[in-house]
Amino acid sequence: MAALAALFFVAPLVGLVWRAPWSSLGRELASREVRDALSLSLLTSTVATAASAVFGIPLAWVLSRSEFPGRRLLRALTILPMVLPPVVGGVALLLAFGRNGLLGQWLDRAFGITVPFTTAAVVIAETFVAMPFFVLTVEAGFRSVDQRLEEAASTLGAVRWTVFRRVTLPLVRPSLAAGAVVCWARALGEFGATITFAGNFPGRTQTTPLKVYLLLESRPEAAIVLSLVLLAASLAVLLGLRDRWLGAV
Amino acid sequence: MKDVDALRDAMRRRGTVHRLSAAALAVSLASAGCGGGEDDRTAADAPRATITVFAAASLTESFTEIGRQFESSHRADVAFSFGASSSLAQQIANGAPADVLATADEQTMQRADDRVARSVTLFAHNRLAIAVRRGNPKTIGSLADLARPGVILVLCAPEVPCGRFGAQALSRAGVDVRPRSLEPDVKGVVSKLSLGEADAGIVYVTDVRAAAGQVEEVAIPPAHNVVARYAIAPLRDSGRSESAKAFVQSVLSPSGRAVLDRAGFQAP
Amino acid sequence: MAGSGVSAPAAGLDASVEVTVGALHLDVSLEVPPNEIVALLGPNGAGKTTLLRVLAGLEPLGRGRVLLDGDVLEDAGRVRLPPERRPIGMVFQEHLLFPHLSALDNVAFGLRSRGVSRAAARDRAADWLARMGLSDRCAARPHQLSGGQAQRVALARALAVEPRLLLLDEPLAALDASSRVEIRRQLAATLESFTGVQLLVTHEPLEAMALADRLIVLEEGRVVQAGSPAELGARPRSRYVADLVGVNLFRGRGVGNQVALPEGECLVVAEAAPGDVFAMVHPRAVSLHRQVPEGTPRNVWTGDVESLDVEGDRVRVRVRGRIPIVSEVTAAAVSDLDLGVGRRVWVSVKASSVSVYPA
């Protein structure tokens, strides 16, 4: 059974490698648009992951420790982007931040800021779909921390922030790492919400998945090459993240 | 790889349009919403065949209508797969099991290559039009207006025919634009307009008609306009060549012609 | 101001604690001077750990006050210092060392939390570990330490912050028997030089006797008895304490030279105190005979042997009879008397062997 599962994952990847036009690899990769798409994707997914961490850690903390009315609702809302079809997520973002959107209107009137069609929109779309993965993982991590250790720390004189920083966070480091990886991967592969909310423009909002999709129409070999590059980049990150960061302390 | 299905769904027009991912590989196509399947409501002899028609996205409404007419007058059901002409042709070249291919330009038909039976027929022309937001708040009147600062313009991506043609029209008019987004297909342009995020876009006349009520049309003068030549051909080795040919005939027939006219296509 | 001089604040712990946690209602007042090890004893669920947690600030007070060396740590409803602001050190049953830090960093943790520089904190931590004989384990992680070593590091960690109140919650309970004895010795030695208030919770009477100067016995949230081990041994005031010390305890009404027991029986004693009294009989003063004993013991009855517990060369014989009692005899006596479970024996207790004191 496990072998079948492995095959299921390996076969498409082998297919990619097999059909790759190795001879024209260099030329395809050198094209400006491909490089733009790659660097944009890497930039936006990293920023989206960082944003997910900044907002996600406090959220995960609150969800794991506090008891307050509406906590279950908050948790459901946090997970919602995971079950929503990404395009629907994109439409929702437009309704919130678009020109006529709830918040978008105010941003436009007060600051002259429009969000759609910008690189920021890409980051927002990616964060929207990827953050729930981070929050869920880290919340589970916080729950598994032995709170008696936190009590011990406070008896030693550590104020709450110190306890969080020097005891709780280090203890959830594996969850933080795992959550960040899953979040980053999801952000990197995001397509539906991005195209709907941010549109597609080379160098500004054309992420690698969008570029691959379009290349499939015109130059499939280039699409394969680009897919391979993305695959290689992802593998590099996953392999670089050692077991010990993801596993036990 | 990508959730293009959902992408399509979100841009669903009224009616029971059933469209499939253009980027999906051959595997998923065979299961594309089979319209009828086996059905022995006609004479007690041979069961109804189902033919699969791959057609350009802009043919969605009209072909669906023609398909309905076809099903009621022939002993065959039609299953459609609508999408960008180029990826459909690609899929067929990769071996997708289709019986008929209809593309939005002749060039793309050639991609399907040797799968195409010799009888390729040009069956319709489509022209471009400027689509604007309901109410035309930026008072767009011509291609030149699209270059005005403050106008949020959305075009089709250059990789798809609509995008190529749009670029041609703009260069014929000598207009330099800075679009905010290059959508992978016309439906993307239309949805950005109907959601109010963009002010104008360049799509086919048929798309504007299909989205009546959500967007308004601003004509492009013939001098600048580009004609898209739609081609249709039955495919070889389909095993249902009779039904396939019959469908092509249906499209070319007067009633098929009428449907196309209503949608905004011009005769070739 | 009058010239009588300002009196120094009362040193030590002065606490009156009233709190309800779940089914337990704790109502305890205690005064513990510094330099004295006080052991909190009691059966499970008595409230010992709860009391410690309240003193540490980990649980809030319902009613009452906690003062340490004259400083108010908590005054129910008005003041409540959180644990990090109390000058306390706590040692837990499961060491609770931080798994991601080395032994050295664990010990240095409290110091660093209080603002001591990293280098200085580590120096002092190293000193403490040396004092515990663990210099070679400075870099080890908690999971690499044995139970005894870990608990010593935990003790060093609590002491490094130089607390004025040291709370130890069953520090030896999680250790295996052999480590327990050794660590207990080390604990005693280390606490010798500690000058603050020390409160040790344990349910092991031997441990309490060995380590503590004074015992406080808690049962069902209340103090039932407090005193030195000797006092407790001489005059236990509850079944639990009596079992702890290992003596027979009866409660009844003193009438003349007898103590009337609840079931209608009587014990003849040498000197009765009137009113509600305890009557204590040491098991060694309970004699067992095969036949009716001769001589003048005033308390004689028959009974059946319920159980025999061998403890070294002595045997504790539980006899069921009109007054259930435990006798302690030599192993030799057991065979002489041919004692076995179910055997009928005669029990005798001299009147003078019964210690009577007011309840």
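Reader: Which residue stands opposite C:Val259 in strand 14 of chain C?

Author: In this predicted model, the residue opposite C:Val259 is C:Leu267.

Reader: What makes strand 13 and strand 14 of chain C a pair?

Author: Strand 13, residues 258-260 of chain C, shares three bridges with strand 14 of chain C, in the antiparallel sense. Pairing requires at least two bridges. Three bridges satisfy that requirement, and therefore the two strands count as paired.

Reader: Where do these strands belong, and what is the order of the sheet?

Author: They are part of an open sheet of five strands in chain C, arranged 14-13-12-15-21 with antiparallel pairing.

Reader: Why are strand 14 and strand 21 of chain C called edge strands?

Author: Strand 14 (266-268) and strand 21 (354-358) of chain C each pair on one side only. Between neighbouring strands of this sheet the average turn is 40°, direction ignored. As for what holds such an arrangement together, strands of a sheet pair through backbone hydrogen bonds.

Reader: How do you know that chain B and chain C do not touch?

Author: Contact calls for heavy atoms within 4.5 Å. The nearest C-alpha atoms of chain B and chain C lie 40 Å apart, and the two chains are found not to touch. Two pairs of chains do touch, and the pair with the most contacts is chains A and B.

Reader: How many residues does the contact take from chain B and from chain A?

Author: Chain B contributes 35 residues and chain A contributes 30 residues. Together these chains bury about 2,800 Å², with 60% of that area on carbon and sulfur atoms.

Reader: Why is the meeting of B:Glu159 and A:Lys211 called a salt bridge?

Author: The N to O distance between these side chains is 3.4 Å. The cut-off is 4 Å between a side-chain nitrogen of Lys or Arg and a carboxyl oxygen of Asp or Glu. A Glu and a Lys at 3.4 Å meet that rule, and therefore the pair qualifies. The interface of chain B and chain A has two salt bridges by this rule, together with nine residue pairs in polar contact.

Reader: Which elements of chain B each supply at least two residues of the side that touches chain A?

Author: They are helix 1 (4-10), helix 4 (85-93) and strand 6 (181-183) of chain B. Helix 1 of chain B gives the most, with five residues. By residue class, the side of chain B that touches chain A comprises 17 nonpolar, six polar and 12 charged residues.

Reader: What makes the pattern of chain A a run of α alone?

Author: Chain A has 14 helices and zero strands. Its C-alpha atoms fill a box of roughly 65 × 55 × 30 Å along the principal axes.

Reader: How many residues of chain A are in contact with chain C?

Author: The count is 19 residues of chain A against 23 residues of chain C. The area buried between them is about 1,900 Å², and carbon and sulfur atoms give 64% of it. A:Thr155, A:Leu156 and A:Arg166 supply 40% of what chain A buries against chain C, more than any other three residues.

Reader: Why do A:Glu151 and C:Arg53 count as a salt bridge?

Author: Their side chains come to 2.8 Å, N to O. This distance lies within the 4 Å cut-off, and therefore the Glu and Arg pair fulfils the rule. Across the interface of chain A and chain C, two salt bridges are found, and five residue pairs are in polar contact. Helix 8 (147-155) and helix 9 (160-171) of chain A each supply at least two residues of the side that touches chain C. Helix 8 of chain A has the largest share, seven residues.

How values were computed
Residues are numbered from 1 along each chain as its sequence is written. Chains are lettered from A and ligands numbered from 1 in the order in which they are written. This is a predicted model: local features need pLDDT of at least 70, side-chain atom pairs count only at pLDDT 80 or more; totals for chains, interfaces and linings use all residues. Side-chain values use heavy atoms; hydrogens and water are left out. Helices (H or I, at least four residues) and strands (E, at least two) are DSSP runs, numbered from the N terminus. Axes are lines fitted to C-alpha atoms, for helices over the stretch in contact, and angles run from 0 to 180 degrees between N-to-C directions. Buried area is the accessible area (1.4 Å probe) that two parts lose on being put together, summed over both. A polar contact is a pair of N or O atoms within 3.5 Å; within protein, one must be able to donate a hydrogen and the other to accept it, and residues adjacent in sequence count only if both atoms are side-chain atoms. Ala, Val, Leu, Ile, Met, Phe, Trp, Tyr, Cys and Pro count as nonpolar, Asp, Glu, Lys and Arg as charged, and the others, Gly among them, as polar.
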